[in-house]
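The following exercises are to be worked with the sequence and the coordinates at hand. Each task is followed by a solution in steps.

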Amino acid sequence: MMGGYNPTGTFPNNNNTNVKPLTVDKAKQAVEDYLQNLNNSDLELKEIMIFNNNAYARIVEKSTGIGAMELLVDPTTLSVFPEYGPNMMWNQKYGHMGGYGMMGGAGMMGGYYYNSSASSSQMTVTSEQALQLAQQYLDQQYPGYKTATDADPFYGYYTIDIMKDNQPAGMLSVNGYSGQIFLHTWHGTFIEMWE
């Protein structure tokens, strides 16, 4: 249950120092344009986090408050694209490989497979358990780092901010069924946040 996955490098030192980070306003505009092209009025931008490697955006459903998708914005091209890892692999409603999405007769929606029957209430790992598992992982792998107080629910998993000295330092996700930990190693150094 505690198995962690660290896909590309070592947290928290995956920094690209050759790129000028985005501003919140530029990232917001890029994400809003992307969402408009999806033509789904139930989706809204809830959070932007600016890191030196990219901007991260959390998109939620207005009707449920549940996370729909996680997006990244490239700081040099302003391209918006689905975040790697759990957003693609574990997202059962909007993910590319999302559990039931491809095999369940779901249609394609702007680069996402959409499964209207997915429900976050099916997850067997609670948000409290996800936070506990995440903290155990951090204690073992990155002593001194703490989880944020909230685990953001998505369809099939949770994403949790990692904190250091009361400031965001990165993110990880916890599978809502197995409890597997997936560390997001691609963001780099945190700069600022908008909610």
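**Exercise 1. Establish the burial of Phe182 and describe its ring partner.**

Step 1. Phe182 has a relative accessible area of 3% and is therefore buried; buried means under 20% relative accessible area, exposed over 50%, and partly exposed in between, with a 1.4 Å probe and protein chains only.

Step 2. Trp186, at 8%, is buried as well.

Step 3. Rings of Phe, Tyr and Trp (its six-membered ring) pair if their centres lie within 6.5 Å; planes under 30 degrees apart count as stacked, over 60 as edge-to-face and the rest as tilted. The structure holds ten such aromatic pairs. In one of them, Phe81 and Tyr84 lie 6.0 Å apart centre to centre, with 40 degrees between the planes, a tilted arrangement. Phe81 is partly exposed, because its relative accessible area is 25%. Tyr84 is likewise partly exposed, at 38%.

Step 4. Phe182 and Trp186 also form a tilted pair, with 6.1 Å between centres and 55 degrees between planes.

Step 5. Ring pairs join these four residues with Trp90, Phe154 and Tyr157 into a cluster.

**Exercise 2. Decide how far the model may be read.**

Step 1. This is a predicted model, in which local features need pLDDT of at least 70 and side-chain atom pairs count only at pLDDT 80 or more, while totals for chains, interfaces and linings use all residues. Residues are numbered from 1 along each chain as its sequence is written, and side-chain values use heavy atoms, with hydrogens and water left out.

Step 2. The mean pLDDT (the predictor's confidence in each residue, from 0 to 100) is 84 for the protein, and 77% of the residues score at least 70.

Step 3. Residues 1–10 stay under 50 in pLDDT, and the model has 31 contacts for them beyond four places in sequence; contact means heavy atoms within 4.5 Å. Residues 98–112 also stay under 50, with 42 such contacts.

Step 4. Helices (H or I, at least four residues) and strands (E, at least two) are DSSP runs numbered from the N terminus. Among the elements, strand 6 (residues 107–109) has the lowest mean pLDDT, 38, and strand 8 (residues 146–147) the highest, 98.

Step 5. Where pLDDT is low, the predicted coordinates should not be read in detail.

**Exercise 3. Which elements supply the largest nonpolar core?**

Step 1. A nonpolar core is a set of buried Ala, Val, Leu, Ile, Met, Phe, Trp, Tyr and Cys residues joined through side-chain atoms within 4.5 Å. The largest has 23 residues, and Val31, Leu35, Leu43, Ile59, Met69 and Leu71 have the most contacts inside it.

Step 2. At least two residues each come from helix 1 (24–38), strand 2, strand 3 (55–61) and strand 4 (67–73). Helix 1 gives the most, seven residues.

Step 3. A second, separate core of 19 residues includes Ala130, Tyr142, Ile162 and Ala169.

Step 4. Ala130 belongs to helix 3, where Leu131, Leu133, Ala134, Gln135, Tyr137 and Leu138 are buried too.

**Exercise 4. Is Glu44 buried, partly exposed or exposed, and which residues does Glu44 touch?**

Step 1. Glu44 is found in strand 2 (residues 43–51).

Step 2. Its relative accessibility is 31%, so Glu44 is partly exposed.

Step 3. Leaving aside residues up to four places away in sequence, Glu44 touches Leu35, Arg58, Ile59, Val60 and Lys62.

Step 4. Ala68 is 24 residues away from Glu44 in sequence, and the C-alpha atoms are 9.0 Å apart.

**Exercise 5. Where do Asn39 and Asp165 lie, and what are their phi values?**

Step 1. Most residues other than glycine have a negative phi, and most peptide bonds are trans.

Step 2. Asn39, in the loop between helix 1 and strand 2, has a positive phi near 60 degrees. Asn39 is exposed, because its relative accessibility is 71%.

Step 3. Asp165, in the loop between strand 10 (157–164) and strand 11 (167–175), has a positive phi of about 55 degrees. At 67% relative accessibility, Asp165 is exposed.
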